[in-house]
Amino acid sequence: MKKYQAKDFNLPDLKGLSAKQIEVHLGLYNGYVNFTNRLQETLEELKKDSEKNAYAIESVRRRLGFEFNGMRLHEIYFEQLEHGASEEPRGKALDEIVSNKFGDFDNFLNEFKNTAMTRGIGWTILSVDEKGIDTAKGEVPEAFIAWIADHELGQLADTKILLALDMWEHAFMVDYTPAEKAEYIEAFFKNLNWSVVEERI
Ligand SMILES: [Fe+2]
């Protein structure tokens with residue numbers, strides 16, 4: 001059984017996101033890594049007496065999507081902030097994919113930011129469905145912007161996540177109030193390293 005290790009991220013000083021905010025958030029990320037490991041170990045332990053532990057086993061199984069996706073989404077999130085902001089990928093492959101769905105890059109950005117304002121805790125993701133796409137014929141993968149409640153509710157199976165924005169309050173409440181969510185979203189985009197997003201295609 002794999003024991004997951006928390007990753008170190010090479011984060012510069014960020015604009016509009018304090019060192020304290022990032023420190024608190026990385027601590028929570030570490031928690032998801034630990035709980036992904038603990039969950040797997042606990043399940044194996046409980047299965048030694050599966051009859052007696054039937055209810056507990058089922059409860060633990062239901063938590064896997066929460067812990068694992070919590071771990072992985074945070075890795076996608078922090079990797080995007082590594083090495084500093086870079087220019088928007090206008091005219092590049094990412095632009096072509098999102099413009100094919102949303103009209104142009106600005107419309108895509110607006111739709112993404114509007115989705116991020118969804119009430120509640122969760123994530124806004126951009127993912128692409130590459131099933132049945134023949135790039136040799138110039139076909140473009142289908143882009144989706146989705147709201148993921150918690151870390152797992154609303155995930156689009158077998159699509160590839162290109163961009164993920166953490167909209168849990170823990171992601172911004174050291175620096176912003178809930179009423180300032182839009183400012184946090186703007187701060188995120190100011191620090192986003194688009195070349196990381198582009199490389200995921
Ligand atoms: Fe988070």
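**Notebook: an iron site and its surroundings**

I began at the far end of the chain with Ile201, which counts as partly exposed because its relative accessibility is 36% (buried means under 20% relative accessible area, exposed over 50% and partly exposed in between, with a 1.4 Å probe and protein chains only). The model is predicted, so I kept in mind that local features need pLDDT of at least 70 and side-chain atom pairs pLDDT 80 or more, while totals for chains, interfaces and linings use all residues. Residues are numbered from 1 along each chain as its sequence is written, and side-chain values use heavy atoms, with hydrogens and water left out.

Ile201 sits in the segment that follows helix H6 (194-199) (helices, H or I with at least four residues, and strands, E with at least two, are DSSP runs numbered from the N terminus). I then looked up its separation from Glu130, and found the two C-alpha atoms 9.8 Å apart, although these positions lie 71 residues apart in the count along the chain.

For comparison I took another pair, Ala182 and Gly103, which are 79 residues apart in sequence and have their C-alpha atoms 23 Å apart in space. Ala182 belongs to helix H5 (residues 181-191), and I noted Ala182 as partly exposed because its relative accessibility is 39%.

**The iron ion**

Which residues are the protein donors of the iron ion? I listed His25 (NE2), His74 (NE2), Asp166 (OD) and His170 (NE2), which lie 1.9 to 2.2 Å from the ion (donors are N, O and S atoms within 2.8 Å of the metal, or 3.2 Å for Na, K and Ca, and as water is not among the atoms, sites may look incomplete). Along the chain these donors follow the spacing H-x48-H-x91-D-x3-H. One pair among them, His74 and Asp166, links distant parts of the chain, since His74 is in helix H2 (residues 54-79), Asp166 is in strand S3 (residues 160-166), and the two are 92 residues apart.

Are these two residues buried or exposed? I recorded His74 as buried because its relative accessibility is 0%, and Asp166 as buried because its relative accessible area is likewise 0%.

**Helix H2**

I next followed H2, the helix that holds His74. Its 26 residues should span 38 Å at 1.5 Å a residue, and its end C-alpha atoms are 38 Å apart, so the two values agree (the expected span is 1.5 Å times one less than the number of residues). I also noted a bend in H2 of about 35° at Arg63 (the angle between axes fitted to the seven residues ending there and the seven starting there).

**The sheet**

From Asp166 I moved to the sheet, an open one in which 3 strands stand in the order S2-S1-S3 with antiparallel pairing (two strands pair if DSSP finds at least two bridges between them). Why is one side of S2 and of S3 left without a neighbour in the sheet? Strand S2 (142-149) and S3 stand at the edges, each with a single partner strand, so one side of each stays unpaired.

I looked up both pairings of strand S1 (residues 122-129), and its antiparallel pairing with S3 runs over 6 bridges, one contact being Thr124 with its bridge partner Leu165 in S3. The pairing of S1 with S2 is also antiparallel and runs over 8 bridges, and here Asp129 has Glu142 in S2 as its bridge partner. S1 is mostly covered, with 7 of its 8 residues buried, and S3 is mostly covered too, with 6 of its 7 residues buried.

**Two positive phi values**

Most residues other than glycine have a negative phi, so I marked the exceptions that I came across. His83, which is not a glycine, has a positive phi near 65° and is found in the loop between H2 and helix H3 (93-102). I noted His83 as exposed because its relative accessible area is 59%.

Asp158 has a positive phi of about 65° although it is not a glycine, and Asp158 lies in the loop between S2 and S3. I closed the entry with its accessibility: at 56%, Asp158 counts as exposed.
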